[in-house]
Amino acid sequence: MLTTLHGIFSSRVRTFSPGVFTQRTSSFTSPDEIFAVEYLNNQFLANGSSGKIATSSDGTTWVQRTSSFGTTIIYDSAFGLGLYVLVGGTGKLATSANATSWTQRTSSFITTSIFNVIFDGQKFIAVGASGKIATSSDGTTWAQVVDSSFGVTFIYSVAYSSALTTYVA
């Protein structure tokens with residue numbers, strides 16, 4: 001089952017049914033681009049440029065939502081502990097209980113872009129520019145992880161294996 005699709009860089013969504021992608025209307029208009037589509041908590045979330053986010057229960061019909069990001073890019077989303085989390089440019093991070101009403105949070109990234117966020121079953125982990133990593137046990141309060149091994153290298157993604165109890169970034 002496909003649960004996430006990153007790097008679309010288009011204003012179009014396509015659904016996949018045995019061997020065929022079908023183009024759908026996403027509610028994103030050109031030149032706005034979709035950067036990630038994820039299936040979280042029984043709904044699809046598409047997010048991207050210009051602070052755009054859209055939701056869909058079936059992947060076919062999409063509803064544009066107000067993200068609280070203004071025109072700042074949204075790179076990724078995650079769900080855990082009954083909370084959706086959006087991350088994006090200039091250190092922006094927002095949360096929502098229903099994926100329709102979003103509240104801006106202090107991310108600890110200050111103005112550094114956050115590229116990826118995951119939920120490992122117990123906590124959220126966010127990674128971004130300048131080697132920054134932050135964690136949150138509730139999705140609303142974030143603490144920077146001090147790890148000099150990344151230096152100022154951009155961290156674009158993080159993954160977690162519960163079987164190995166290992167994170168890879």
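Here are a few exercises on this predicted model, each with a worked solution.

**Exercise 1: the overall picture**

Work out how many helices and strands the protein chain has, and what share of its residues counts as buried.

*Solution.* Start with the secondary structure: there are 17 strands and zero helices in the protein chain. Next, take burial: 43% of the 169 residues count as buried. Then look at the surface, where the protein chain exposes about 8,400 Å², with carbon and sulfur atoms supplying 55% of that area. Finally, check the contacts with a separation of 6 or more: 40% of them are between residues 24 or more positions apart.

**Exercise 2: Phe 79 and its surroundings**

Place Phe 79 in its strand, decide whether it is buried, partly exposed or exposed, and find its contacts beyond the sequence neighbours.

*Solution.* First, find the element: Phe 79 sits in strand 8, which covers residues 74–80. Second, get the accessibility. Phe 79 has a relative accessibility of 22%, and buried means under 20%, so Phe 79 counts as partly exposed. Third, set aside the neighbours within four places in sequence; Phe 79 then touches Leu 40, Asn 41, Tyr 84, Phe 119 and Phe 124. Last, try a C-alpha distance: Ile 118 is 39 residues away from Phe 79 in sequence, yet the two C-alphas are 7.7 Å apart.

**Exercise 3: classify two ring pairs**

Sort the pairs Tyr 75–Phe 115 and Phe 124–Trp 142 by geometry, then say which parts of the chain each one links.

*Solution.* You need two numbers here, since a pair of aromatic rings is described by the distance of the centres and the angle of the planes. The count for the model is twelve aromatic pairs. For Tyr 75 and Phe 115, the centres are 5.0 Å apart and the planes make 70°, an edge-to-face pair. Tyr 75 belongs to strand 8 and Phe 115 to strand 12 (residues 114–119), so this pair ties together parts 40 residues apart in sequence. As for burial, Tyr 75 is partly exposed at 23%, while Phe 115 is buried at 11%.

Now the second pair. Phe 124 and Trp 142 have ring centres 6.2 Å apart and planes at 50°, so call it tilted. Phe 124 is in strand 13 (residues 124–128), and Trp 142 is in the loop between strand 14 (133–136) and strand 15 (143–144), 18 residues apart. Both Phe 124 and Trp 142 are buried.

**Exercise 4: from pairs to a cluster**

Which residues do ring pairs link into a cluster with Tyr 75?

*Solution.* Follow the ring pairs from Tyr 75: the cluster also takes in Phe 35, Phe 115, Phe 154 and Tyr 156.

Key. Residues numbered from 1 in each chain as written. Predicted model: local features only at pLDDT ≥ 70, side-chain atom pairs only at ≥ 80, totals over all residues. Heavy atoms only, no water. Helix = DSSP H or I, 4+ residues; strand = E, 2+ residues; numbered from the N terminus. Buried < 20%, exposed > 50% of the residue type's maximum accessible area, 1.4 Å probe, protein only. Contact = heavy atoms within 4.5 Å. Areas by Shrake-Rupley, 256 points an atom, 1.4 Å probe, with all protein chains shown as cover. Phe/Tyr/Trp six-rings, centres within 6.5 Å; stacked < 30°, edge-to-face > 60°.
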